[in-house]
Structure formats: structure tokens, C-alpha cells
Amino acid sequence: MMKPLPVIRIGICGLGTVGQGVWKHLSRIRPDLESRLGVKLELTRASVRDLRKSRGVKVPAKKLTTDSLAIATDPNIDVVCELIGGTTVARQVTLAALAAGKVVISANKALICAHGAEIFETARRHGGHFLFEASVAGGIPIIKALREGLVANRFPLIYGILNGTCNYILTQMEEQDAPYTAVLGEAKELGYAEADESLDVQGWDTAHKAAVLAYLAHHTWVKPKQMIVEGIDRITPADFKHAVALGYGIKLLAVIARDFETDELSVRVHPTLLPESHVVAKVSGVFNAVSVRGDVAGTTLYIGRGAGQDATASAVISDLVDAVALLKNDRRAFITARKASAPARPARACRLAPLEHIRCRYYLRMTVSDEPGVLAQVATAMAAKQVSIASVIQSAHEPAGAASLVLTTHRSDEQAMRATLAKLARLRCVLEQPLLLRIGDFAD
Ligand code: NAP
Ligand code: HSE
């Protein structure tokens with residue numbers, strides 16, 4: 001008689017956009033995965049907040065609960081997918097499941113950024129495992145690329161678009177001249193945005209993802225307060241017109257840079273003018289792009305859908321396959337490989353570079369009174385801080401009597417630019433807070 005296949009029991013905490021995607025695709029491809037993996041996969045239980053809500057997937061009522069912690073601690077469940085979001089219930093569920101020695105699969109970059117050290121330590125202490133491919137760049141397997149494919153490398157520069165919602169908004173604003181608020185509503189309807197969309201548009205979600213990548217690449221936890229974090233909420237359709245006139249597109253980028261000579265790391269998130277010929281400038285809609293410069297492999301670039309139900313479910317299911325490998329046989333070999341690329345106890349975290357030392361070129365847009373001498377006042381304020389002007393565009397602006405002034409600078413540093421902004425804000429002729437964007441000069 002044939003031995004029955006081992007059964008892997010899966011609990012899904014959270015059946016929203018991502019959870020329903022996992023349920024839907026796993027139900028569809030289960031027979032194929034089972035025959036490839038040599039196990040039975042059972043969607044055993046799922047938790048939600050509201051049992052009466054109608055959903056896009058059919059889940060038997062007896063499998064549904066509102067008690068996520070009961071799933072995390074259920075001895076019959078092997079793998080817990082935490083797809084709730086946030087950092088309270090999600091943290092409890094994650095820690096409880098890891099403490100019970102389970103495999104936890106997470107798409108929750110906010111949680112990893114806030115509590116990653118505690119989560120990895122709990123997994124290490126109790127023999128649990130924490131997999132998080134879906135937490136960064138949606139359907140792009142960037143975590144695997146850094147941990148496995150590029151394990152021979154050190155990473156002087158990683159940069160890219162990590163937020164699908166913002167890239168969707170920026171693309172629509174540029175291509176359709178659409179107002180910011182209307183496009184944000186569309187991104188929410190499409191299931192791209194976070195439950196609290198300010199995390200997307202103010203840059204925090206990108207910062208959370210940058211923290212995850214920085215940890216993988218440099219074994220150092222960088223908190224958002226240690227980064228420059230600026231969002232897209234002050235960009236207007238006019239900025240796209242100015243950027244195009246200057247030969248640029250605008251993207252919200254994360255930039256993770258390590259200088260191996262000084263051994264300093266910096267992480268920043270901000271809207272960036274990229275030359276329009278740059279491949280990342282052409283990445284539009286919900287798509288993400290991550291450029292990884294490795295000292296051995298050179299630069300590799302990853303492009304794909306960065307948010308949404310299907311892309312994210314694809315990443316969660318890839319972790320599920322790793323979870324099966326972990327649970328089934330090859331346990332020791334897998335753990336050894338994981339520890340080598342993402343140690344639970346990093347031997348040495350690197351130093352963080354003072355943010356005010358970051359250097360680049362800048363774009364400055366301001367509304368000024370349209371009267372004689374204004375340009376001279378602005379130029380004097382900038383010269384006082386040693387900021388050198390590279391180009392000037394002046395155009396009419398509503399209301400009458402005001403003008404829009406767009407300047408680009410030669411290379412300067414954050415300290416000088418911040419001092420310049422403060423000086424400009426004190427000029428009577430500057431009518432509202434100037435908008436500062438960085439210009440990205442990435443060689444590849
Ligand atoms: P979502 O649509 O808001 O779904 C959240 C789910 O969690 C809902 O089913 C909700 O129940 C449930 N839930 C909330 N609080 C709960 C509680 N206390 N107990 C039990 N269930 C609870 O969120 P999502 O977009 O799927 O995102 C889930 C996670 O994936 C987040 O960490 C997010 O950052 C991450 N992520 C999302 C995407 C994306 O494209 N959406 C991509 C990558 C990563 P009800 O349905 O009953 O309200
Ligand atoms: N809100 C996130 C985004 C979801 O738009 O990128 C994917 O992490």
C-alpha cells in the first residue's frame with residue numbers, strides 16, 4: 001500500500017485583498033503544487049474581522065474565525081500566513097506562531113520594519129521560520145534575489161520604485177494630467193493602497209520596504225526616523241511639465257547606498273527626477289523596479305507588478321513552497337543557507353552616514369511675487385549657502401501678480417539645501433513653502 005502524503009496545514013490570517021488572492025490561486029494550483037512537492041496542502045482555517053462581509057472567494061463558514069491568535073497557536077496548523085497588516089494584532093499573531101515553532105509567511109513590511117529584530121530572534125529561539133517575499137516589490141522575487149541569487153555580492157547601491165500606489169498615481173498625473181486626489185481613489189479601488197493610504201503617499205511604505213532591503217543587504221536595521229522620508233503629496237501636474245521641459249520624469253525612489261571605504265550606510269526615500277531615458281523612469285503604473293548594484297555581479301534590474309492581489313499572492317505562494325521544503329525534509333540545509341544571507345544575529349551592523357552629508361543635484365519649485373528684483377533675491381539667498389544655480393524656468397502663475405519659479409542646482413548637500421529652504425521661506429517675495437525634489441544621477 002502507498003504511504004499517504006504528508007499534509008501541510010495552512011492558516012490564513014486576514015482575507016482581504018492579499019488573503020483572498022492567496023486563497024483563490026492556491027485553490028486553483030493546489031493539485032499541481034501537491035504533485036510537484038509530494039505533500040497535501042490543506043487550507044485549514046482563515047481569520048477575518050467581520051464574518052458577515054461578502055468576499056470574492058468561497059470559504060466554508062466552519063473554517064472562518066475572528067480569532068487570529070487561535071490560528072497562530074493551533075497545534076494542527078503548520079504554516080501561518082499573516083495578511084492582516086498593521087503592527088498590533090499582526091505582531092501578536094506572528095510572535096505566537098513563531099514561538100510555537102511554525103513557519104510564518106508575511107507580506108507586512110510595516111511590521112518587519114518596526115519589529116524585525118524581535119521577530120527574527122523569536123524565530124531563532126523557538127525553531128520557527130519567518131518568510132517575507134511578499135513584503136517588498138509585490139510579485140518581484142527581490143528577497144530571493146538578494147538572499148540567494150546575489151549572495152556572493154556586497155551592495156554599494158540599491159535603488160528603485162518600491163510603492164505601486166505612488167507609481168500608479170505619478171503615472172496617471174503625468175499621462176492624464178489627473179489631479180492627485182482622484183487618482184489616489186482609483187489606486188484604493190484597485191487594491192493597491194494600504195488600509196491607511198498616508199503610508200503610501202507620504203513615503204512611509206517605501207521606507208518600510210527600504211528597511212527590509214537594507215537589512216537583507218547590510219544586516220543593519222534602519223528606522224524610518226534615521227532616513228530622509230518624503231512623499232508625493234506635494235507634487236502637482238505642473239511639476240511633471242517642468243520636469244519634462246528639463247528632460248526628466250518623476251519617480252518616488254528608495255535609495256540604499258553604502259560607502260565601503262567609510263563603511264557608512266544611508267537610506268532615503270523621496271520623489272526623484274530621473275533622466276527620461278533612464279529605464280526606471282519608463283516604469284509606469286503599478287509596476288515597481290529595483291536596481292541592485294553588486295560588487296561581483298554588477299548591476300541587475302528587476303521590474304514587475306509591485307502591488308495588487310495577484311502579484312502579491314504569487315509572492316506569498318512562493319514562500320509557501322519554501323515552507324513546505326522546510327517542513328518536509330531538507331530542513332537543515334535550508335536553514336543554513338538562510339542564516340548565511342540574513343543572520344538573526346548580525347556580526348556587525350554598519351554605521352549610518354549623517355543624512356546632511358548626502359550630496360546630489362536639486363530641483364526647487366516656488367511661487368514668488370512677479371516683480372522686479374525677485375530673481376536676484378532668490379539667487380542671493382542661495383549663494384549665501386553656497387548653492388549654485390544650474391538652470392531657471394519662470395512662468396506665469398495664478399493668481400495674477402505671482403510667478404512660478406523652477407530652479408535646478410549643481411551638486412550640493414542636504415545641509416546647504418535645508419539652510420537655503422529656511423532662508424527662502426523668510427523672503428517676503430516667496431509666497432508659499434518651496435517644493436524641493438532631488439535629481440537622480442545613477443550611472444546604471
Ligand atoms: P486588507 O484588504 O485591508 O485586508 C486585511 C484583512 O485582515 C481583512 O480580511 C480584515 O478582515 C482582516 N483583519 C483586520 N483586522 C483583523 C483582526 N483584528 N482579526 C482578524 N482579521 C483581521 O489588506 P491587504 O491589502 O490584503 O494587505 C494585507 C497585508 O499585505 C498588509 O500588511 C499589506 O501591507 C500587505 N501587502 C498588501 C499588498 C496589496 O497590494 N494590497 C501588497 C503587498 C503587501 P475583514 O475583511 O473582515 O475586514
Ligand atoms: N500599498 C503597497 C503599494 C502595497 O502600493 O506598493 C504593496 O506593498
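A residue is taken as near a ligand if one of its heavy atoms lies within 4 Å of that ligand. In the predicted model described here, 25 residues surround ligand 1, and those that come nearest are Asp50, Lys53, Arg55, Glu194 and Gly308. By class, the shell around ligand 1 consists of 9 nonpolar, 10 polar and 6 charged residues.

Polar contacts to ligand 1 involve both backbone and side-chain atoms of the protein. A backbone N or O atom of leucine 15 is placed 2.9 Å from an oxygen atom of ligand 1. At arginine 49, a polar backbone atom is found 3.0 Å from an oxygen atom of the ligand. Arginine 55, one of the residues that come nearest to ligand 1, contributes through its side chain, where an N or O atom lies 2.7 Å from an oxygen atom of ligand 1. Ligand 1 taken alone exposes 900 Å², of which the protein buries 87%.

Ligand 2 is surrounded by 13 residues, with Lys109, Thr165, Tyr192, Asp200 and Lys209 the closest. The shell around ligand 2 divides into 4 nonpolar, 4 polar and 5 charged residues. Threonine 165 approaches through its side chain, an N or O atom of which is 2.6 Å from an oxygen atom of ligand 2. Nitrogen atoms of ligand 2 also take part in polar contacts. For tyrosine 192, the partner is a polar backbone atom, 2.7 Å from a nitrogen atom of the ligand. For aspartate 200, a polar side-chain atom is 2.7 Å from a nitrogen atom of ligand 2. The accessible area of ligand 2 taken alone is 250 Å², and the protein buries 93% of that area. Helix 6 (164–176) and helix 9 are the elements that give two or more residues to the shell around ligand 2.

Helix 9 also enters the nonpolar interior. The largest nonpolar core has 79 residues, and within this core the residues with the most contacts are Ile142, Ile158, Leu213, Ile232 and Val292. Helix 9 (residues 204–218) supplies the largest share of the core, 9 residues. Leucine 213 touches Val136, Ile142, Ile143, Leu146, Ile158, Leu162, Ile256 and Val290, when residues up to four places away in sequence are not counted. A second core, separate from the largest one, contains 34 residues, including Val57, Val79, Leu83 and Val316.

Threonine 220 is located in the loop between helix 9 and strand 8 (228–229). Its relative accessibility is 5%, so threonine 220 counts as buried, the cut-off being under 20%. The side chain of threonine 220 reaches the backbone oxygen of histidine 218 at a distance of 2.8 Å. With residues up to four places away in sequence left out, threonine 220 touches Ala214, Tyr215, Leu265, Ala349 and Cys350.

Arginine 36 is part of helix 1 (residues 17–37). With a relative accessible area of 61%, arginine 36 is classed as exposed, since exposed residues are those over 50%. Arginine 36 and valine 321 are separated by 285 residues in sequence, while their C-alpha atoms are 9.8 Å apart in space.

Conventions:
Residues are numbered from 1 along each chain as its sequence is written. Chains are lettered from A and ligands numbered from 1 in the order in which they are written. This is a predicted model: local features need pLDDT of at least 70, side-chain atom pairs count only at pLDDT 80 or more; totals for chains, interfaces and linings use all residues. Side-chain values use heavy atoms; hydrogens and water are left out. A nonpolar core is a set of buried Ala, Val, Leu, Ile, Met, Phe, Trp, Tyr and Cys residues joined through side-chain atoms within 4.5 Å. Buried means under 20% relative accessible area, exposed over 50%, partly exposed in between (1.4 Å probe, protein chains only). Helices (H or I, at least four residues) and strands (E, at least two) are DSSP runs, numbered from the N terminus. Contact means heavy atoms within 4.5 Å. A polar contact is a pair of N or O atoms within 3.5 Å; within protein, one must be able to donate a hydrogen and the other to accept it, and residues adjacent in sequence count only if both atoms are side-chain atoms. Accessible areas come from the Shrake-Rupley method with a 1.4 Å probe; for residues, only the protein chains shown count as cover. Ala, Val, Leu, Ile, Met, Phe, Trp, Tyr, Cys and Pro count as nonpolar, Asp, Glu, Lys and Arg as charged, and the others, Gly among them, as polar.
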